[in-house]
Amino acid sequence: MGGLREMAAPFVAPGPAGVAIRAGLKGLTGQDEKVLRLVGDWLGSLVSRDWKARCAAGLDHDSDQWAQRKRALTGQSSSRWAGSITKATHDQWALARRGQLAFIQSLEAGVHTIARRLSLPVAAKGSRGLPGGYRSRQEWFAKSRRLHLLQDRLERERADRETGRVRVVRGGKKLLRNRHHLQAAQLTEAKWRVRWEAERWFLQADGESGKRYGNETIRVSLGGEVSIKLPEPLAGLANASHGRYVLACRVGFRHRGEQWADRITAHRPVAYRIHFDVDRDRWYLTASWQLPAVTTVPLEAVRSGGLIGVDMNADHLAAWRLDVHGNPVGEPRRFDYDLSGCASHRDAQVRHALIRLLHWAKRHRLAIAIEDLDFASEKTREKHGRRKRFRKLISGMPTAKLRARLVSMAAEFGILVVAVDPAYTSRWGAQHWQKPLTSKNRKTTRHHAAAVAIARRALGHPIRRRTAPPPHDQRDRAGHRTVQATSVAPGREETRPRIPGPWTRSAGAERGAKAGDQGAHNRSGHPAEHESWHQDSLPLSH
């Protein structure tokens, strides 16, 4: 047990911090689309300028420089547009810094792994779950060259982080690289240009508390009328008073529409974003707002009725229901999904699987236990070497997105989610639960056994079903053989029922004349030793 790492305690996952809903802008006229493109392009150019100024400031940026950037943008748009642009730039800067730190940590892990394996003899075996030396001198030489490459990258990234330099491509690095590989991306130059411009447009505004309908820049009325405050250089395109442009279409939110209507009626802040989907040739409006912090339910209250353990896999969710004592109840469930295809298809598959899981949990009125799992540090090829299929498998598992979506969707059902440490759940679940739960009519998989282990850890029970039997000479001082018989368990100190064998003619358990009598056992000094022995009469055959 000395080699096992310390495991974190389970906790109730906090609910979502915000809500985002989307609706299509159907019925736009040609003039509407023209105005949206012009406004998005103009504000996008202002975002690029502000982003350049923010990167130039680096770590020396302060509130005075932020105010100076906002004043420079106000004259070319408006004070509210300038506030939205500077806030978006600030959020992008923070995201880039977090990504930079994650990349540095990944490089450090790769350098440490390669250096350790290079220090071992060629073809040396690994130990304690760590890889051994490289298989051949050729692989050792290739990895030594890669070590120098990673070290150079690590030095550059560390230097950039110390100076506050980040690298961000507005529109996306992947789309930028596709410009040089149009044939491989199955795009023409014209189609690529449309995608590039659409990704660099900026049409989003933050909400304002106390203002009409919760937003003065992009306003959506209760009847679905959408109006936009035009930037100062484009004020001549306005078709309403106060420099506003009203779209010809009406918008309606089917999902959470009542919540959205309550917010805008009370003039509570709602942020809006208008974006263009090039593939579908459609315009969409996304509304979002923050949710108030909710007091977390104590873990003891969540455990009171049992839990549903869920094991996340590459193509399905394996689930099993456990009672409060940690015993599996009913039959295991499997919720399949297909993560191939485009991003929208993958997202829909995950939603469909989660909704089936949540309906099942709501029917039994139980919380859900999942692993606090993230493969961000496990995807490096230096850790898994030539196991390309395994690296591809874990890279395709959206563990963080799936967990976040589960927490968000569970909050709508009033279902709580308990996150547990993922250490050894699959290994111990298969070791202690797969075989006992397998029968002639049910074949328990390794994933369902892991779901049982996850739920038991969330309930506070050990994963192991039994401890190792004590030695024969230590039965009395080794204690009970089962770890489930606690000091408060009813009947813990009572005599065990006498279970007859298949070929005996004795009475059934707890039915004999001396059931529960300690004196009836074969012990030294037993009263029966002083009695005369006689053979019972044989039963008459019929």
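This is a short walk through strand β7, its partners, and two exposed loop residues.

Okay, so before anything else, keep in mind that we're looking at a predicted model.

Let me start with β7, residues 271-277. This strand is mostly covered, with 5 of its 7 residues buried. What does β7 pair with? On one hand there's β8, antiparallel, over 7 bridges. If you want a spot to look at, find A271, which sits opposite S288 in β8. On the other hand there's β3, just residues 204-205, also antiparallel to β7 and joined to it by 2 bridges. There, Q204 faces R273 of β7.

Now, the turn. β7 and β8 make a hairpin with 4 residues between the strands, and in it D281 has a positive phi near 55°.

Moving on to charge. Which residues form the positive surface patch? We've got R22, K26, R254, R280 and R282. Take R254 from that set: you'll find it in the loop between β6 (244-250) and α7 (257-265). Is R254 buried or exposed? Its relative accessible area is 84%, so with a cut-off of over 50% it counts as exposed.

Last stop, P292. Follow the chain out of β8 (282-290) and you meet this proline in the loop that leads to α8 (299-303). P292 comes in at 60% relative accessible area, so it's exposed by that cut-off too. And how far is P292 from A17? In sequence they're 275 residues apart, but in space, C-alpha to C-alpha, it's 7.4 Å.

That's my tour; happy to rotate the model for anyone.

Definitions and conventions:
Residues numbered from 1 in each chain as written. Predicted model: local features only at pLDDT ≥ 70, side-chain atom pairs only at ≥ 80, totals over all residues. Heavy atoms only, no water. Patch = residues over 30% accessible without salt bridge, like charges linked within 9 Å, V, L, I, M, F, W, Y side chains within 5 Å. Areas by Shrake-Rupley, 256 points an atom, 1.4 Å probe, with all protein chains shown as cover. Salt bridge = Lys/Arg side-chain N within 4 Å of Asp/Glu carboxyl O. Lys, Arg positive; Asp, Glu negative; His and termini not counted. Charge placed at Lys NZ, Arg CZ, Asp CG, Glu CD. Buried < 20%, exposed > 50% of the residue type's maximum accessible area, 1.4 Å probe, protein only. Pairing = 2+ DSSP bridges.
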